[in-house]
Amino acid sequence: ADVIIEDDVWLGTGAIILKGVCIGKGAIVGAGAVVTTDVLPYTIVSGIPAKFLRYRFEDDKIQE
């Protein structure tokens, strides 16, 4: 399956994205993270496996 990386995504050095994963618009993936599941838009994930840390913006900004 294809990996989908949407607009304005930041990928840290050495991040590994597994097959079939979608990285949502504006997301940040930490350096060395192993992404095994889809990443929601405007979220920050990191770790092995990558886990949600927080949203980049507050809800009202994301809705804009």
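Contact here means heavy atoms within 4.5 Å. The model is predicted: local features need pLDDT of at least 70, side-chain atom pairs count only at pLDDT 80 or more, and totals for chains, interfaces and linings use all residues. Residues are numbered from 1 along each chain as its sequence is written, and side-chain values use heavy atoms, with hydrogens and water left out.

**Exercise 1. Describe the surroundings of I16, and state which strand holds this residue.**

Solution.
Step 1. Helices (H or I, at least four residues) and strands (E, at least two) are DSSP runs, numbered from the N terminus. On this basis I16 belongs to strand β3, residues 16–17.
Step 2. Neighbours within four places in sequence are set aside; I16 is then in contact with A33, V34 and V35.
Step 3. For V35, the C-alpha to C-alpha distance from I16 is 6.1 Å, at a sequence separation of 19 residues.
Step 4. Buried means under 20% relative accessible area, exposed over 50%, and partly exposed in between (1.4 Å probe, protein chains only). I16 has a relative accessibility of 44%, so it counts as partly exposed.

**Exercise 2. Summarise the overall architecture and dimensions of the protein.**

Solution.
Step 1. The secondary structure consists of one helix and eight strands, arranged along the sequence as β-β-β-β-β-β-β-β-α.
Step 2. The radius of gyration is taken over C-alpha atoms, and the globule rule is 2.2 Å times the number of residues to the power 0.38. The protein has a radius of gyration of 11 Å, close to the 11 Å that the rule gives for 64 residues, so it is as compact as a globular protein of that length.
Step 3. Along the principal axes, the C-alpha atoms fill a box of roughly 30 × 20 × 15 Å.
Step 4. Buried residues make up 28% of the 64.
Step 5. Accessible areas come from the Shrake-Rupley method with a 1.4 Å probe; for residues, only the protein chains shown count as cover. The protein exposes about 4,300 Å², of which carbon and sulfur atoms supply 54%.
Step 6. Among contacts with a separation of 6 or more, 4% are between residues 24 or more positions apart.

**Exercise 3. In what order do the four strands of the open sheet lie, and which strands form its edges?**

Solution.
Step 1. Two strands pair if DSSP finds at least two bridges between them. The resulting open sheet has the order β2-β5-β7-β8, with mixed pairing.
Step 2. The edges are β2 (10–11) and β8 (51–55), each of which pairs on one side only.
Step 3. Strand β7 (residues 43–46) pairs with β8 in the antiparallel sense over four bridges. In this register V45 has F52 as its bridge partner, while S46 stands opposite K51.
Step 4. The hairpin of β7 and β8 has four residues between the strands, and G47 takes a positive phi near 110 degrees there.
Step 5. The number of buried residues among the five of β8 is zero, so this strand lies largely in the open.

**Exercise 4. Is T43 buried or exposed, and which residues is it in contact with?**

Solution.
Step 1. T43 lies in strand β7.
Step 2. The relative accessible area of T43 is 1%, and T43 is therefore buried.
Step 3. Beyond neighbours within four places in sequence, T43 is in contact with A27, I28, F52, R54 and Y55.

**Exercise 5. How many salt bridges does a search of the whole structure find, and where do the partners lie?**

Solution.
Step 1. A salt bridge is a side-chain nitrogen of Lys or Arg within 4 Å of a carboxyl oxygen of Asp or Glu. The search finds one.
Step 2. The salt bridge joins the side chains of R56 and D8, at 3.8 Å from N to O.
Step 3. This pair links distant parts of the chain, 48 residues apart: R56 is in the loop between β8 and α1 (59–63), and D8 is in the loop between β1 and β2.
Step 4. D8 is partly exposed, because its relative accessibility is 45%.

**Exercise 6. Characterise the position of P41.**

Solution.
Step 1. P41 is located in the loop between β6 (34–35) and β7.
Step 2. With a relative accessible area of 39%, P41 is partly exposed.
Step 3. Leaving aside neighbours within four places in sequence, P41 is in contact with G24 and K25.
Step 4. The C-alpha atoms of P41 and C22 are separated by 9.7 Å, at 19 residues apart along the chain.
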